[in-house]
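Dear colleague,

Please find below the structure I am handing over to you, with its sequence. A short account of what was found follows it.

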Amino acid sequence: MILVTGATGKVGREAVRQLIGLGCAVRALSRSPAEADLPEGVDVVAGSPADTASLEVAFKDVSAALIVLSGDVAREAANITAAARKARLSRIVLLSSGSVQHPVPHGIADEHRTAEEAIRRSGAAWTFLRPGPFHANTSWWISSIRENSSVRCWIGNTPGAPIDECDIASVAVSALTQNGHEGRSYLLTGPETLTSQEQARILGEVLGRELDFSVAPAEEVVRIFTGITGDRATAVTNVAALRSPEVPWAKPTTAVRDLTGREPRSYREWAEANAALFTGEGKST
Ligand SMILES: NC(=O)c1ccc[n+]([C@@H]2O[C@H](COP(=O)([O-])OP(=O)(O)OC[C@H]3O[C@@H](n4cnc5c(N)ncnc54)[C@H](OP(=O)(O)O)[C@@H]3O)[C@@H](O)[C@H]2O)c1
């Protein structure tokens, strides 16, 4: 049995779909099983990595797990490690973050570093997936594009090679179902280096209209992040890190090709598949 946490999310849902397609027995963890809407045959269990009691049930008879953490990442990783040790899990694939390789202080990096350290102590053979920014992050632009064809960019305009969530899921499935990935960390990117402005241009071409692009000043973004978390100091370092020129995902890596045997999906392909999100006509794929 393979357990997937974060199974209703962007990476987890696609990983579940691919694992079921391969004929694997899959258990999915969700806080809302009734609304999970996962493929037939998936054993959907109520809970989350924050809820230790739910993990006892979730890890029963599980041999391998894809761990996606979306709340308090460091604390949830500690819970997962304790449950994995107890269940004598043999394999864990952790969705970490490329930010752990960031050379500047960074709150998101720190929590994922702590998570990786915890998982190293799980007793299971681990594989860490360290993606750069997801293609789906441009979903943040949906409302302003619908309203007035504009994009206000929060993360700066630093070049990077964003990655498709489906490719992260495919890499996770390879690491879960094939040997040779134990003790390995993979920096995952898409196929090409793009700025946010170039992503907006591509999205505009797909939508058939020009998008007005602007970068929000750092202080504006710090205020927004502080409003969400109440932690101004962390907001300042996170915003500075996201806008620094040394992002680890600046250049494409070969990891997706190496692990899946095919090229990663381009941002244009993501935009074409998800265009309806920006016009209000449909769901993402
Ligand atoms: N976005 C990026 O650019 C990026 C880059 C590198 C790494 N990452 C990492 O990728 C992970 C997220 O992956 P994802 O985007 O596939 O996940 P996601 O879609 O954001 O969420 C996955 C699932 O987690 C549950 N969830 C959401 N918010 C939660 C919360 N506050 N507390 C507890 N559970 C919550 C939800 O499931 P239920 O409601 O069914 O429980 C959700 O479907 C994070 O660890 C993030 O740091 C992201």
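The model is a predicted one. I begin with helix H1, whose buried residues are Lys 10, Val 11, Gly 12, Arg 13, Glu 14, Ala 15, Val 16 and Leu 19. The cover over these buried residues includes four strands, E1 (2–4), E2 (26–30), E4 (64–67) and E5 (91–95), together with helix H6 (165–177).

The length of H1 was also checked. The helix has 12 residues, 10–21, and at 1.5 Å a residue it should span 16 Å; its end C-alpha atoms lie 17 Å apart, which agrees. After H1 comes Gly 23, which has a positive phi, near 85°.

Two further residues deserve a note on their backbone angles. Most residues other than glycine have a negative phi. Asp 37, however, has a positive phi, near 55°, and Asp 61 has a positive phi as well, near 60°.

Where do these two residues lie? Asp 37 is found in the loop between E2 and strand E3 (43–46), whereas Asp 61 belongs to the loop between helix H2 (52–58) and E4.

Are they buried or exposed? A residue with 12 or fewer other C-beta atoms within 10 Å of its own is classed as exposed. Asp 37 has 10 C-beta neighbours inside 10 Å and therefore counts as exposed. Asp 61 is likewise exposed, because 10 other C-beta atoms lie within 10 Å.

Yours sincerely

Terms used
Residues numbered from 1 in each chain as written. Predicted model: local features only at pLDDT ≥ 70, side-chain atom pairs only at ≥ 80, totals over all residues. Helix = DSSP H or I, 4+ residues; strand = E, 2+ residues; numbered from the N terminus. Expected span 1.5 Å × (residues − 1). Buried ≥ 20, exposed ≤ 12 C-beta atoms within 10 Å, placed from the backbone. Contact = placed C-beta atoms within 7 Å.
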